[in-house]
Each structure stands twice: as C-alpha cells, then as structure tokens.
Amino acid sequence: MDSAKKNNAVEEILDWIESILFSIFSVSLIFTFGLRPAQVKGDSMVPTLHDQDKLIMSNWFYKPKARDIVVINCRNLNEAIVKRVIATGGQKVDIDFDEGKVYVDGVEQYEPYINDITTRSYENEGIAAFKYPVTVPDGYVFVLGDNRNNSVDSRTTYVGFVNENDIIGHVVFRFYPFNSFGGVE
C-alpha cells in the first residue's frame, strides 16, 4: 500500500511539473510571437499617448492600415518609436503646412486625435524627407505623431517612409498608467 501511495504522489508531482512547464511555454510563445510589451518615450503621441505609457502590441497576421498606432524599429534613431499610420503603399500624401491639413489621395483627413494642426515641415531644419505631394511606395507606410509639431516622423530624414518589415507591432491596449487602462484609438 505504501508503494501505491508513493507512485500516486510521484505521478501528481510529475503532473504539476508538466502543467507548469506547459504554462511557461504557452506564455513564452504568446509573448514572443503574439503580444509584446512596449513603452512610449517622449511626447510625440500626445494627447493619445504620453511619455512612459506602457502598451501591449501584437504582430500576429498584422497588415498596416490608416489610423493604426504602431511600434517601429527605427534604424536611423536606433530605437523603437510609436507613431500613427497615415498612409500605406500606393497612397499619395500631401500636407498643407500653411493650413495645417493632411491629405491622403486628395481627401482631407479628419484627425480628432491630434494635439495641434500640422505646421512643422522640417524644411528650415534641413531634415525634411520630402517635397509634397509624395506617393508611398508599396511595402511601406507613412507615419506621423499625434503631437505633430513635436514629433520626429515620416516628415524627417530620420524616419521617412517606414518599411512594413520594420513595424514591430500595432498597439492593442495600454496597461499603464492604470487610470488609462484599456484600448487605444
């Protein structure tokens, strides 16, 4: 009888170990290939996101589309940046810096999420990436920060057009600060 109890105890311990290892493997798989944490650095996405906001992003079966908030591996800045997709491959972007309006394929964009109208062109700073209008090449996106006049984005030579392969993921939700927990639009 004692050997039967020992066998049951060993089997139960092995079941627990198997469950724990499966859980660790599953969580690792999800966070490696599906959901990953990211952090906002700076104020380029104000008022939507703020410095030090903590986010969850996903890249599972992701195809960029306008208005998505994405995390980008920006090689020229040697860091990950968070920006909003304005246009995708084949679309024409035009910015009227005098009026502060952004146009995609000739249609003025309704942008209730921006901090201020788009007046900074970066031409005077010598880092303007384009003369407008400009057509986004296939496989690339054009991104802007929501805080348009305090954002290093596709308007600059530091970012320019973003290769879709450099998009680490799109933002799914914010988990910190806790009073802002939830989806991000």
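Me: Helices and strands here are DSSP runs, a helix (H or I) having at least four residues and a strand (E) at least two, and they are numbered from the N terminus. With that in hand, and remembering that this is a predicted model, where is Tyr122 found?
Reply: Let's place Tyr122 using the numbered strands. Strand 7 covers 107–108 and strand 8 covers 134–135. Tyr122 is found in the loop between strand 7 and strand 8.

Me: Is Tyr122 buried or exposed?
Reply: Start with the backbone: phi of Tyr122 is near 75°, a positive value in a residue other than glycine. Most residues other than glycine have a negative phi. For the side of your question about cover, the cut-off for buried is under 20% relative accessible area. Tyr122 has 2% relative accessibility, so this residue counts as buried.

Me: Arg67 also has a positive phi. How does its relative accessibility class it?
Reply: Phi of Arg67 is near 80°, and Arg67 sits in the loop between strand 2 and strand 3. A residue between the limits of 20% and 50% is called partly exposed. Because its relative accessibility is 36%, Arg67 counts as partly exposed.

Me: Which residue comes before Pro133 in a cis peptide bond?
Reply: Most peptide bonds are trans, which makes cis ones fun to look for. Pro133 is found in the loop between strand 7 and strand 8. Its cis bond has an omega of about 5°, and the partner is Tyr132.

Me: And what is omega for the bond from Val46 to Pro47?
Reply: You can find Pro47 in the loop between strand 1 (35–39) and strand 2. The peptide bond from Val46 to Pro47 is cis, and omega is near 10°.

Me: How many bridges join strand 2 to strand 11?
Reply: Strand 2 covers residues 54–58 and strand 11 covers residues 167–176, and the two run antiparallel. As a landmark, look for Ser58, which stands opposite His170 in strand 11. The number of bridges joining strand 2 to strand 11 is five.

Me: What is the bridge partner of Ile72 in strand 11?
Reply: Ile72 belongs to strand 3, which spans residues 69–74. Strand 3 and strand 11 run antiparallel and are joined by three bridges. In strand 11, the partner of Ile72 is Ile167.

Me: How many residues lie between strand 11 and strand 12 in their hairpin?
Reply: Strand 12 is made of residues 182–183 and pairs with strand 11 in the antiparallel sense over two bridges. Within this pairing, Arg174 stands opposite Gly182. The two strands form a hairpin, and the number of residues between them is five.

Me: Which residue forms a salt bridge with Glu111?
Reply: Side chains of opposite charge can pair when their charged atoms come close. Here the closest N and O atoms of the pair are 2.8 Å apart, and the partner of Glu111 is Arg148.

Me: How far apart in sequence are the parts that Glu111 and Arg148 tie together?
Reply: The salt bridge between Glu111 and Arg148 links two loops: Glu111 lies in the loop between strand 7 and strand 8, and Arg148 in the loop between strand 9 (140–144) and strand 10 (162–163). Glu111 is buried at 11% relative accessibility, and Arg148 is buried at 0%. Because the two residues lie in separate loops, the pair ties together parts whose separation in sequence is 37 residues.

Me: What is the N to O distance in the salt bridge of Arg120 and Glu125?
Reply: Both residues are partly exposed: Arg120 has 27% relative accessibility and Glu125 has 41%. Their side chains meet in a salt bridge, with an N to O distance of 2.4 Å.

Me: How many salt bridges does a search of the whole structure find?
Reply: One of them pairs Asp153 with Arg155, the closest N and O atoms being 2.8 Å apart. Both Asp153 and Arg155 are buried. Searching the whole structure gives a total of nine.

Me: Which strand gives the largest share of the lining of the largest pocket?
Reply: The largest pocket holds about 230 Å³ of space. Its lining has 15 residues, with Lys41, Ser44, Glu79, Ile81 and Lys83 nearest its centre. The largest share, five residues, comes from strand 4.

Me: What is the area of the nonpolar surface patch that includes Leu14?
Reply: Leu14 has its place in helix 1, which covers residues 2–33. The other patch members are Val10, Ile13, Trp16, Ile17, Ile20, Leu21 and Ile24, and the patch has an area of about 830 Å².

Terms used. Residues numbered from 1 in each chain as written. Predicted model: local features only at pLDDT ≥ 70, side-chain atom pairs only at ≥ 80, totals over all residues. Heavy atoms only, no water. Pairing = 2+ DSSP bridges. Buried < 20%, exposed > 50% of the residue type's maximum accessible area, 1.4 Å probe, protein only. Patch = residues over 30% accessible without salt bridge, like charges linked within 9 Å, V, L, I, M, F, W, Y side chains within 5 Å. Areas by Shrake-Rupley, 256 points an atom, 1.4 Å probe, with all protein chains shown as cover. Salt bridge = Lys/Arg side-chain N within 4 Å of Asp/Glu carboxyl O. 1 Å grid on protein atoms, 1.4 Å probe; cavity = no way out; pocket = protein on both sides within 12 Å on 5 of 7 lines; lining within 4 Å. Points joined across faces, edges and corners; volume = space filled by probe spheres on them.
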